[in-house]
Amino acid sequence: MAGQDQNGHSVTDISGLATNGHAPLPAQDRVLSSPVLVLNLNYVPINISTVRRAIILLSKGKAELLENHRGEIRTVTATVGAPSIIRLVYLVKRPFAPRKLSKKEIFLRDRYTCQYCGKKSQDLTLDHVVPRRQRGAHTWENVVAACSRCNLRKAGRTPEEANMRLKTEPRVPQPNPYRILQNRVILDEWRQYLPWSEEDC
């Protein structure tokens, strides 16, 4: 049940959620499903978790609390803050594998922006800079995001033949430890742990 403590903070009682077999109330579910930034031991973001999962990691001593959301949660034995940022107490070694060429990855690399007219959109197509019928390769350096209008205008020609210019030169994207945050809302309290601007993600 949601309420307030003596300091005026909102409190959600989650005692019995794991044992009574009933679904959590909407307010409880909302708090427990809130996003939590999980940092590796070296402070590099490694995952986006939920408050529920973060509380489990904290209670087992596998993570330490760095920042709270506003509000608190009442468990069976104590009242705790709803975590917003936690840090693992051990280092998870996760190699950054090369990104696989796909439509989604091209759109992410190009920031969902047409590489010819600069229009941002979720409704994009792929364009081969050097067309396939001119033996253009299906590679990072030859595939870009394009809006339907520009793709239709360019047709089976090169940009030079169509009198069109690319906004940026297509390249193989570098492995990025912050990819888990792409296209996510960045909470204010997370920003001090993210050494980049949102445009660099």
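**Figure 1. Cys117 in the predicted model.** Cys117 counts as partly exposed, because its relative accessibility is 41%. The model shown here and in the views below is predicted. A disulfide needs two cysteine sulfur atoms within 2.5 Å. By this rule the count comes to zero disulfides. Cys117 is accordingly in no disulfide. The nearest cysteine sulfur to that of Cys117 belongs to Cys114, 3.7 Å away.

**Figure 2. Cys150 and its closest cysteine.** Cys150 is buried, with a relative accessible area of 8%. The closest cysteine sulfur is in Cys147. The two sulfur atoms are 3.6 Å apart, so they are too far from each other for a bond. The cut-off for a disulfide is 2.5 Å.

**Figure 3. Strand β3 and its antiparallel partner, β4.** β3 spans residues 35–39. Four of the five residues of β3 are buried, so the strand is mostly covered under the limit of 20% relative accessible area. β4 covers residues 45–50. β3 and β4 run antiparallel and are joined by five bridges. Val38 of β3 has Asn47 as its bridge partner in β4. The two strands form a hairpin, with five residues between them. In this hairpin, Tyr43 takes a positive phi near 75°.

**Figure 4. Strand β3 and its parallel partner, β6.** β6 is made up of residues 79–88. β3 pairs with β6 in the parallel sense, over three bridges. Val38 appears again in this view: its bridge partner in β6 is Ile86. Val38 thus has a bridge partner in β4, Asn47, and another in β6, Ile86.

**Figure 5. Ser33, in the loop before β3.** Ser33 lies in the loop between α1 and β3. α1 takes in residues 26–32. Ser33 counts as partly exposed, because its relative accessibility is 44%. Arg53 is 20 residues from Ser33 along the chain. The C-alpha atoms of Ser33 and Arg53 are 8.9 Å apart.

**Figure 6. The largest pocket and its lining.** The largest pocket holds about 450 Å³ of space. Rolling a probe the size of a water molecule over the atoms shows where empty space is left. The lining of the largest pocket consists of 20 residues. Nearest the centre of this pocket lie Leu108, Arg109, Asp110, Arg111 and Pro173. By residue type, the lining has eight charged, six polar and six nonpolar residues.

Methods
Residues numbered from 1 in each chain as written. Predicted model: local features only at pLDDT ≥ 70, side-chain atom pairs only at ≥ 80, totals over all residues. Heavy atoms only, no water. 1 Å grid on protein atoms, 1.4 Å probe; cavity = no way out; pocket = protein on both sides within 12 Å on 5 of 7 lines; lining within 4 Å. Points joined across faces, edges and corners; volume = space filled by probe spheres on them. Nonpolar A, V, L, I, M, F, W, Y, C, P; charged D, E, K, R; others polar. Buried < 20%, exposed > 50% of the residue type's maximum accessible area, 1.4 Å probe, protein only. Pairing = 2+ DSSP bridges.
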